[in-house]
Amino acid sequence: MNDADRPELPARVGAMPRRAWLATAAAAALAAGAWPASRAAAGDLITRAIPSSGEALPVVGLGSWITFNVGNDPAARDSSAEVVRAFFAAGGRMIDSSPMYGSSQPTIGHALAKLKHPAALFSAEKVWIGDVAGGAAQMEASRLHWGVTRFDLMQVHNLLAWREHLPRLFEMKAAGRLRYVGITTSEGRRHAEIENVMRTQPIDFVQISYNLLDREVEQRILPLAQERRIAVIVNRPFREGALLRSLRGRPLPGWAAEIGCDGWAQAALKFAVSHPAVTCAIPATRQVAHVRQNMGAARGPLPDAALRARMAADVAAM
Ligand SMILES: NC(=O)c1ccc[n+]([C@@H]2O[C@H](COP(=O)([O-])OP(=O)(O)OC[C@H]3O[C@@H](n4cnc5c(N)ncnc54)[C@H](OP(=O)(O)O)[C@@H]3O)[C@@H](O)[C@H]2O)c1
């Protein structure tokens, strides 16, 4: 494995001096054909630094579209709260939502209140409305649903009225009312416009779709994010579950064991987060067992460039 093949080192290498860590890690990596994660032996989570600040985030977060849109049903809300509890218990930080996601925001608020507002939370919200005045009211309503004093990250959802919203969000960041500003898209939509925003605006984050089958962002968006030092959030890592359903029942190839995957979900997540431009992926789930499995992808070795290519080719051929 040469440097060009090697995924960017995770932000932390623990208490061990970097050089010593590299020496021991390299031997294990070369033996396994994969680059080991930071402090994998100690079982610590793999983190990546947000380029604009250096703050470390675990490479797996939690989405909320559909899965947390459970209405007012108390049992369903408690069940979602258990997913959030398991997420934090496994070391999770970023939860992503949007006013577009039905009752997901109050569901998250219910869970956070029940868990007494875990300090680890990294709240990622969106503004999704055509005008700035409406945006201010919407963000405040979102904040009240979550029960937080401010959001860590506010993203312009699907680029809607980004020219109007972004100046306002930068002002809020400067005033300490937000910590980071971003934009989102999904399913390959409006990539040229995303690139334009990435080139011209001082955003901290971009959120895009990326998975074993949808790899268009590898061509321009991910390299541009590295060049412009913009953090990348991966949505739809499982194609809204369709990718995992299509792989169900298919035996895991031998490489899965090399990178410590217990199933296709972890393989798909390790593929997404091992791209050197990616900061984190945000799979959504209603199930405690699944959130634990997904967080397991933030531990152990990650595939190197050669293995990533094999993974994508194998899945494309299935
Ligand atoms: N434009 C945007 O800003 C945008 C667009 C799309 C998505 N997003 C964000 O990205 C998040 C993720 O995308 P997504 O929700 O569309 O799709 P996804 O995370 O790719 O897939 C979610 C589906 O995968 C299943 N799943 C999760 N973990 C699993 C596991 N370990 N094993 C088997 N099945 C598993 C879930 O079912 P179970 O409940 O049965 O686990 C759920 O149906 C969204 O929730 C949202 O926060 C943003």
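Helices (DSSP runs of H or I, at least four residues) and strands (runs of E, at least two) are numbered from the N terminus. I use these labels throughout; R163, for one, has its place in helix α5.

**Entry 1: the model**

I noted that this is a predicted model, in which local features need pLDDT of at least 70 and side-chain atom pairs count only at pLDDT 80 or more, while totals for chains, interfaces and linings use all residues. Residues are numbered from 1 along each chain as its sequence is written.

I looked up the overall make-up and found 12 helices and 11 strands in the protein. For burial I used C-beta atoms placed from the backbone: a residue is buried if 20 or more other C-beta atoms lie within 10 Å of its own, exposed if 12 or fewer, and partly exposed in between. By that rule 46% of the 318 residues of the protein are buried.

I then looked up contacts, where two residues are in contact if their C-beta atoms, placed from the backbone, lie within 7 Å. Of the contacts in the protein with a separation of 6 or more, 79% are accounted for by residues 24 or more positions apart.

**Entry 2: the nonpolar core**

A nonpolar core is a set of buried Ala, Val, Leu, Ile, Met, Phe, Trp, Tyr and Cys residues joined through C-beta atoms within 7 Å. In soluble globular proteins, nonpolar side chains tend to be buried together.

Which residues touch the most other members of the largest nonpolar core? I found V232 and A281, in a core of 81 residues. Helix α10 (residues 264-273) gives the most to this core, with eight residues.

I followed A281 further. Leaving aside neighbours within four places in sequence, A281 is in contact with V59, V60, G61, V234, P237, L269, A272 and V273.

**Entry 3: around the ligand**

I took a residue as near the ligand if its C-beta atom, placed from the backbone, lies within 6 Å of the ligand. On that count 29 residues surround the ligand, and the closest are G63, N235, G241, A265 and A284.

Which helix gives the most to the shell around the ligand? It is helix α11 (residues 288-296), with three residues.

I sorted the shell by type, with Ala, Val, Leu, Ile, Met, Phe, Trp, Tyr, Cys and Pro as nonpolar, Asp, Glu, Lys and Arg as charged, and the others, Gly among them, as polar. The shell divides into eight nonpolar, 16 polar and five charged residues.

**Entry 4: helices α2 and α3**

Two packed helices are described by the angle between their axes and the distance between the axes. Axes are lines fitted to C-alpha atoms, for helices over the stretch in contact, and angles run from 0 to 180 degrees between N-to-C directions.

I found that the axes of helix α2 (residues 74-89) and helix α3 (residues 104-114) come within 9 Å and cross at roughly 65 degrees. The contact is made by R77, S80, A81 and V84 of α2 and by T107, H110, A111 and K114 of α3. These residues divide into three nonpolar, three polar and two charged.

**Entry 5: two positive phi values**

Most residues other than glycine have a negative phi. I looked up two residues in the loop between β6 (151-156) and α5 (162-174), one of them N158. Phi of N158 is near 50 degrees, a positive value in a residue other than glycine.

A161 is in the loop between β6 and α5 as well, and phi of A161 is near 55 degrees, also positive.

Is N158 buried, exposed or partly exposed? N158 counts as partly exposed because 17 C-beta neighbours lie inside 10 Å. A161 is partly exposed, with 17 other C-beta atoms within 10 Å.

**Entry 6: exposed positions**

I looked up G130, in the loop between β5 (122-127) and α4 (132-146). G130 counts as exposed because it has 10 C-beta neighbours inside 10 Å. Apart from neighbours within four places in sequence, G130 is in contact with L160 and A161. The C-alpha atoms of G130 and H165, 35 residues apart along the chain, are separated by 8.7 Å.

R163 is exposed, with 10 other C-beta atoms within 10 Å. Its C-alpha atom is 9.9 Å from that of Q201, 38 residues apart along the chain.

G176 lies in the loop between α5 and β7 (178-184). Why is G176 exposed? G176 is exposed because 8 other C-beta atoms lie within 10 Å.
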